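I'm opening my notebook on a new structure today. My plan is to look things up one by one and jot down what I find.

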Amino acid sequence: MPTPIRSTNPVRAKLRTTVSCTNPKRTTSFRDQFLTSNLDIFVIILFLAVYNRGSHEVDAAENFSGDEPGGNGTSHMNSTSGSVFSYTANELAPYAILFPWFVQIIAVFIYYVITRYLQSLPYTALVFLLGFTIGYATTGYGDNAISDSAALWLTINGQVILLVFLPGLIFLDSYTINVHLFFQCFWQLINFAFPMVLGGTALTAVFAKYVLPYNWSWNLCMIFGAILSGTDPVAVSGLLKTLGAPPRLSMHVSGESLLNDGSTVLLYQIFSALYYYEYGIPNFGEDIGWGEGIKMFLQLAFGGASIGLAFGIGTVLLICLLNRRPAEENVIQVVSTICSAYLAYFVAEILCNSSGIISTLVCGLTVKVLGETVINDCDLTLHFWQVTGQLLNTLLFALGGLLWGNIVSKNVYSQFATEDVVSLGAKDWGYMVLLHIYLIGARFALVFIFYPLTARIGIGTNLKEAVFMSYAGFRGAVGIALSLSLFANVFAATEHEPVKYASYRNDVVHLFCFVGQ
């Protein structure tokens with residue numbers, strides 16, 4: 001029998017190539033490759049070249065007219081130079097793509113630094129600071145490409161903010177949760193999500209009404225309380241994994257966040273409708289009585305759950321039909337999950353006047369419970385949603401920092417010349433510190449008031465875990481999204497009469513700053 005020629009065997013050749021590539025003696029770290037290839041210098045040069053691009057002044061300003069970027073054209077004042085720049089909608093539109101991807105690439109370097117040298121610094125806080133820096137330097141259109149793009153994002157519609165960010169973030173949380181532990185401690189989580197959120201909303205509203213000097217209406221105070229009563233596991237999930245926290249504690253933190261996102265948005269929707277009604281603007285807000293409020297709550301909750309269940313079951317059936325094993329069908333299965341997440345939210349929130357966030361939550365849980373065993377490549381699905389969550393969280397916190405920095409710089413919506421909006425003073429910063437201390441105290445009070453009940457139901461808890469949960473009540477992505485939506489809705493509804501509604505605009509500016517602090 002002739003001896004096979006080893007050099008012409010493609011399988012063995014591939015094997016030898018793989019072994020040689022995985023030889024630890026021949027590999028170099030990413031950091032070494034980065035430095036030896038001078039890629040760091042290239043990135044810095046690219047950043048400076050983009051940011052210091054000359055301002056694009058247009059001479060024929062009088063040929064264009066319009067009040068918004070979406071019209072035939074628009075004229076804006078640069079608050080620092082005093083010159084006027086005019087653009088058509090087509091000229092402005094391409095710049096919208098720059099801000100999100102510029103933020104993402106800078107966030108990659110932020111992640112690299114903090115995971116290797118500054119592990120004690122939270123990622124989302126630094127991304128918020130990145131957005132703050134850009135927002136502080138943004139004075140309107142005409143400065144540079146990044147400022148132009150950031151100025152466009154400052155005018156994003158409030159409803160679009162929720163439609164873009166919440167479905168992806170909520171579906172990720174619901175799909176990645178441990179469903180067995182979730183159902184074992186379900187009644188504990190219900191206790192965290194509804195009575196505790198309602199109590200936190202009321203306590204925070206009382207502080208806003210009687211301690212803060214802004215004379216907010218009760219409806220705005222309740223909005224403020226609802227936004228700050230929701231928790232987010234992003235800030236502590238990494239710490240829990242690093243410390244090897246028990247599964248019960250991890251489930252309490254993540255499960256509470258998952259369910260109280262729904263209750264937070266329900267309260268926000270009810271009280272924001274009442275608050276908008278105070279403006280007296282036609283078709284802006286609704287006068288809701290107690291009976292109507294309870295009816296609205298049930299419609300939002302159970303209507304959203306029913307729609308989410310229908311979309312979840314439909315998605316599982318679709319995944320079952322895609323039961324072949326080629327890579328193409330694995331990808332299509334993942335595509336079906338993201339379509340169902342966003343469609344479930346849109347149908348419930350926009351078409352059926354129900355809760356989009358509860359619809360997406362139930363849809364995600366249904367796919368997790370019924371569909372995980374029929375998904376061809378669970379790792380692919382999980383990794384896709386992790387990437388989606390990373391992108392959405394990064395952009396959302398950067399967008400929050402962008403607006404916050406623009407407010408602090410006294411350039412709030414300067415491209416619309418709304419000089420009636422006040423800036424923050426030393427007294428405001430003092431109240432922010434006081435609010436932070438108060439929220440920690442209120443969180444401790446609520447956790448230990450309900451401790452006798454939560455320790456006896458579900459999978460139980462103990463005093464050490466209760467103390468940790470008291471400190472783990474961080475505000476996160478959903479609160480930022482809701483405050484951004486409120487800010488954008490109020491500014492959009494009052495843009496034609498900014499002086500008349502100056503006090504309302506000042507109120508939402510202060511509210512957003514307190515949420516972002």
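Here are my entries, sorted by topic.

**Entry 1: what kind of model**

I noted that this is a predicted model. Everything below is computed from that model.

**Entry 2: aromatic pairs**

How many aromatic pairs does the structure hold? I found 27 of them. I picked Tyr 279 and Phe 284 to look at: their ring centres are 5.6 Å apart and their planes meet at 90°, so I wrote the pair down as edge-to-face. Over 60 degrees is what it takes for that label.

Are these two buried or exposed? Tyr 279 has 5% relative accessibility, so I count Tyr 279 as buried. Phe 284 comes out at 13%, so Phe 284 is buried as well. The cut-off I used for buried is under 20%.

Then I looked at Phe 487 and Phe 491. Their ring centres are 4.4 Å apart and their planes are at 10°, so this pair is stacked. Stacked needs planes under 30 degrees apart. Where do these two sit? Both are in helix H22, which covers residues 477-493, and they are four residues apart, about one turn of the helix. I reminded myself that an α-helix has 3.6 residues a turn, so residues three or four places apart point the same way. Phe 487 and Phe 491 are both buried.

I also checked which rings join up into a cluster. Tyr 275, Tyr 276, Tyr 279, Phe 284, Tyr 501 and Tyr 504 are linked by ring pairs. My edge-to-face pair, Tyr 279 and Phe 284, belongs to that cluster.

**Entry 3: charges over rings**

Which charged side chain sits over the ring of Phe 491? I found Arg 505, with its charged end 4.3 Å from the ring centre. I also spotted Lys 368 over the face of Tyr 175, at 5.3 Å from the ring centre.

**Entry 4: the salt bridge**

Lys 368 turned up again here. I searched the whole structure and got one salt bridge. Glu 372 and Lys 368 form it, and their closest N and O atoms are 3.1 Å apart. The general idea in my notes: side chains of opposite charge can pair when their charged atoms come close. Lys 368 has 12% relative accessibility, so Lys 368 counts as buried. Glu 372 is at 30%, so Glu 372 counts as partly exposed.

**Entry 5: helix H17**

Next I tested the length of H17, residues 356-371. With 16 residues at 1.5 Å a residue, H17 should span 22 Å, and its end C-alpha atoms are 21 Å apart, which agrees. The sum uses one less than the number of residues. Is H17 mostly covered or mostly open? Mostly covered: 14 of its 16 residues are buried.

**Entry 6: a nonpolar patch**

I went looking on the surface and found a nonpolar patch of about 540 Å². Phe 183, Leu 309, Ile 313, Leu 317, Val 369 and Leu 370 make it. Which elements give two or more residues to this patch? They are helix H15 (290-321) and H17. H15 brings the largest share, with three residues. One patch residue I looked up is Leu 317, which is in H15. At 53% relative accessibility, Leu 317 counts as exposed.

**Entry 7: positive phi angles**

I wanted residues other than glycine with a positive phi. Asn 215 has phi near 55°. Asn 215 is in the loop between helix H11 (195-210) and helix H12 (218-229), and its relative accessible area of 66% makes Asn 215 exposed.

Asn 353 also has a positive phi, about 55°, and is not a glycine. Where is Asn 353 found? It's in the loop between helix H16 (327-351) and H17. Asn 353 is exposed, at 52% relative accessibility.

**Entry 8: two buried isoleucines**

Ile 146 is in helix H7 (residues 145-153). With 1% relative accessibility, Ile 146 counts as buried. Ile 146 and Ile 134 are 12 residues apart in sequence, and their C-alpha atoms are 8.1 Å apart in space.

Ile 227 is in helix H12 and is buried, with a relative accessible area of 2%. How far apart along the chain are Ile 227 and Ala 481? They are 254 residues apart, yet 9.4 Å separates their C-alpha atoms.

Definitions and conventions
Residues are numbered from 1 along each chain as its sequence is written. This is a predicted model: local features need pLDDT of at least 70, side-chain atom pairs count only at pLDDT 80 or more; totals for chains, interfaces and linings use all residues. Side-chain values use heavy atoms; hydrogens and water are left out. Rings of Phe, Tyr and Trp (its six-membered ring) pair if their centres lie within 6.5 Å; planes under 30 degrees apart count as stacked, over 60 as edge-to-face and the rest as tilted. Buried means under 20% relative accessible area, exposed over 50%, partly exposed in between (1.4 Å probe, protein chains only). A charge sits over a ring if NZ of Lys or CZ of Arg is within 6 Å of the ring centre and within 35 degrees of the ring normal. Patches are made of residues with over 30% relative accessible area and no salt bridge: like charges are joined within 9 Å, nonpolar side chains (Val, Leu, Ile, Met, Phe, Trp, Tyr) within 5 Å. Accessible areas come from the Shrake-Rupley method with a 1.4 Å probe; for residues, only the protein chains shown count as cover. A salt bridge is a side-chain nitrogen of Lys or Arg within 4 Å of a carboxyl oxygen of Asp or Glu.
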